[in-house]
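Student: I should like to examine a protein model through a series of questions on its overall form, its surface and its charged contacts.

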Amino acid sequence: MMRVSVFGATGSIGESTFDLLSRRDDIETVALTGGRNIARLAHQARSLSAQLVVTAYDDCYQDLKAALSGSGIEVAAGTQALIAAAERPADWVMSAIVGAAGLAPGFRALAQGATLALANKESLVTAGPLLMREAARQNARILPVDSEHSAVFQALTGEEISSVERVIITASGGPFRGWSKEQLASATLAQAGTHPTWAMGQRITIDSASLFNKALELIETREYFGFDPDQIEVIIHPQSIVHALVGFRDGALMAHLGAPDMRHAIGYALNWPDRAALPVARLDLARLAQLNFEAPDAERFPALRLAREVMEIRGHAGAAFNASKEIALDQFIAGHLGFLDMAELVERTIDILLSDSALADAIESLETVEAMDQIARDTATRLAKSMA
Ligand code: NDP
């Protein structure tokens, strides 16, 4: 039996993971965690006979307890309970909480030696060196679940990293591909929350529209695989069929293609190093007929340029970038900032924090990352008030 835990079980990635786990009879579910969607969390827990279920929010505890009464399933709530759940021995842990809140549980899971299936890209963006060091120390594996990174990982199987010339990750371009700057300035929450090819959680969907999601993925690619920033390219590919390409020094480009269904990348991480049958649609290339590619427009979508600046600074710049991006997104969702204001807020926050020597300091611990995360949140919140 493989002991598994799922963090962020009630989200988009969490539900896809649940779907795959439900089809297996060789799984022992150690812990499931969620936030406010208590009905789904309780349903999953009963269905997978979980040992422990945690809601991130103290005020949801009674509801979760009531929903699981008579099941014999242990129930807990709060941030510390999430950490304790991550410390429960498990063989495979899915990290699918959204945002920087996913970092600490994923880190603890690695520290107890679990294989970490990493959907939470924010973990690598904010604390890449720390996670990679911990994985090496525990001889534990981090398996990428982001579709682009899973694609690169698969294309690299059996290859020498030193023979790689470049890596190209694709972006659908989101709902605003082709929009003018004037149109983008008045883009609404409803428009930004509708993705043309992927069904995902609200936050990553809006980040896809602004290309902040791709910006996070640029940094994620660098942190996970160790490529130089100038080896990593982004290309717009509206069909979301090619997820990434790896270019080798002999000029060959290896591409990974698949239907836009996260169960592919999740299933690959679940079965790795084997390939098991997965319930994902097979591509009909004749029906697809064409695959299109175009360069991203850095002027209309500044997020990619900002990510490259963050990669130059290194240190805690990723933590500041992600935290200010999370605040910008909160403000956009709340209707306090416009769509283009998000990038401006992030840029201004990083500019201010550049005078803080800690920004470029090498990451020492989870605590230094969390401290920079808080400083960036406070700075961005203050700035946002002046921009609203
Ligand atoms: P969702 O918003 O759909 O789900 C997030 C999950 O985290 C839910 O279980 C939610 O609980 C829980 N959660 C929310 N806030 C907190 C918190 N503060 N503390 C603890 N738990 C919390 O997100 P997605 O599934 O879309 O994304 C999850 C991660 O995977 C993100 O990092 C994203 O970037 C990454 N990812 C997602 C992809 C996708 O296709 N969706 C693709 C590639 C990467 P509840 O809903 O019960 O409140």
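The exchange below concerns a predicted model.

Student: How many helices and how many strands are there in the chain?

Tutor: The model is predicted, and its local features are taken only where pLDDT is at least 70. On that basis, the counts for the chain are 17 helices and eleven strands.

Student: What is the radius of gyration of the chain, and what does the globule rule give for 388 residues?

Tutor: Along the principal axes, the C-alpha trace spans about 55 × 50 × 40 Å. The chain is as compact as a globular protein of its length, because its radius of gyration is close to the value of the rule. The two values are 20 Å for the chain and 21 Å from the globule rule.

Student: What percentage of the 388 residues in the chain is buried?

Tutor: A residue counts as buried when its relative accessible area is under 20%. By this criterion, the buried share of the 388 residues is 55%.

Student: Which residues make the nonpolar surface patch, and what is its area?

Tutor: One of its members, L257, lies in strand 11, residues 253-257. L257 counts as partly exposed because its relative accessibility is 35%. The patch is made by L257, L283, L285, L291 and F293, and its area is about 400 Å².

Student: Which residues form the negative surface patch?

Tutor: One of them, E159, is placed in the loop between helix 7 (147-155) and strand 8 (164-171). With a relative accessible area of 35%, E159 is partly exposed. The residues that form the patch are E159, E160, E165 and D250.

Student: Turning to charged pairs, what is the N to O distance in the salt bridge of R23 and D19?

Tutor: R23 is exposed because its relative accessibility is 51%, whereas D19, at 25%, is partly exposed. A search of the whole structure finds 25 salt bridges. In the bridge between the side chains of R23 and D19, the N to O distance is 3.2 Å.

Student: How many residues apart in sequence are the parts that R177 and E294 tie together?

Tutor: The side chains of R177 and E294 meet in a salt bridge, at 3.4 Å from N to O. R177 lies in the loop between strand 8 and helix 8 (181-185), and E294 in the loop between helix 13 (285-288) and helix 14 (303-313), so the pair ties together parts whose separation in sequence is 117 residues.

Student: Are R177 and E294 buried, partly exposed or exposed?

Tutor: The relative accessible area of R177 is 37%, which means that R177 is partly exposed. For E294 the value is 34%, so E294 also counts as partly exposed.

Student: Are K325 and D207 buried or exposed?

Tutor: K325 forms a salt bridge with D207, with the closest N and O atoms 2.6 Å apart. K325 belongs to helix 15 (residues 317-333) and D207 to helix 10 (residues 202-210), so the pair ties together parts that are 118 residues apart in sequence. As for their accessibility, K325 and D207 are both buried.

Student: Which residues are joined into one network by salt bridges that share partners?

Tutor: A salt bridge here requires a side-chain nitrogen of Lys or Arg within 4 Å of a carboxyl oxygen of Asp or Glu. Through bridges with shared partners, the network joins K121, D146, E148, K214 and E217.

Student: How far apart in space are A39 and S180, C-alpha to C-alpha?

Tutor: A39 is located in helix 2, residues 38-48, and counts as exposed because its relative accessibility is 58%. A39 and S180 are 141 residues apart in sequence. Their C-alpha to C-alpha distance in space is 42 Å.

Notes
Residues are numbered from 1 along each chain as its sequence is written. This is a predicted model: local features need pLDDT of at least 70, side-chain atom pairs count only at pLDDT 80 or more; totals for chains, interfaces and linings use all residues. Side-chain values use heavy atoms; hydrogens and water are left out. Patches are made of residues with over 30% relative accessible area and no salt bridge: like charges are joined within 9 Å, nonpolar side chains (Val, Leu, Ile, Met, Phe, Trp, Tyr) within 5 Å. Accessible areas come from the Shrake-Rupley method with a 1.4 Å probe; for residues, only the protein chains shown count as cover. Helices (H or I, at least four residues) and strands (E, at least two) are DSSP runs, numbered from the N terminus. Buried means under 20% relative accessible area, exposed over 50%, partly exposed in between (1.4 Å probe, protein chains only). Lys and Arg count as positive and Asp and Glu as negative; His and the chain ends are not counted. The place of a charge is taken as NZ of Lys, CZ of Arg, CG of Asp or CD of Glu. The radius of gyration is taken over C-alpha atoms; the globule rule is 2.2 Å times the number of residues to the power 0.38.
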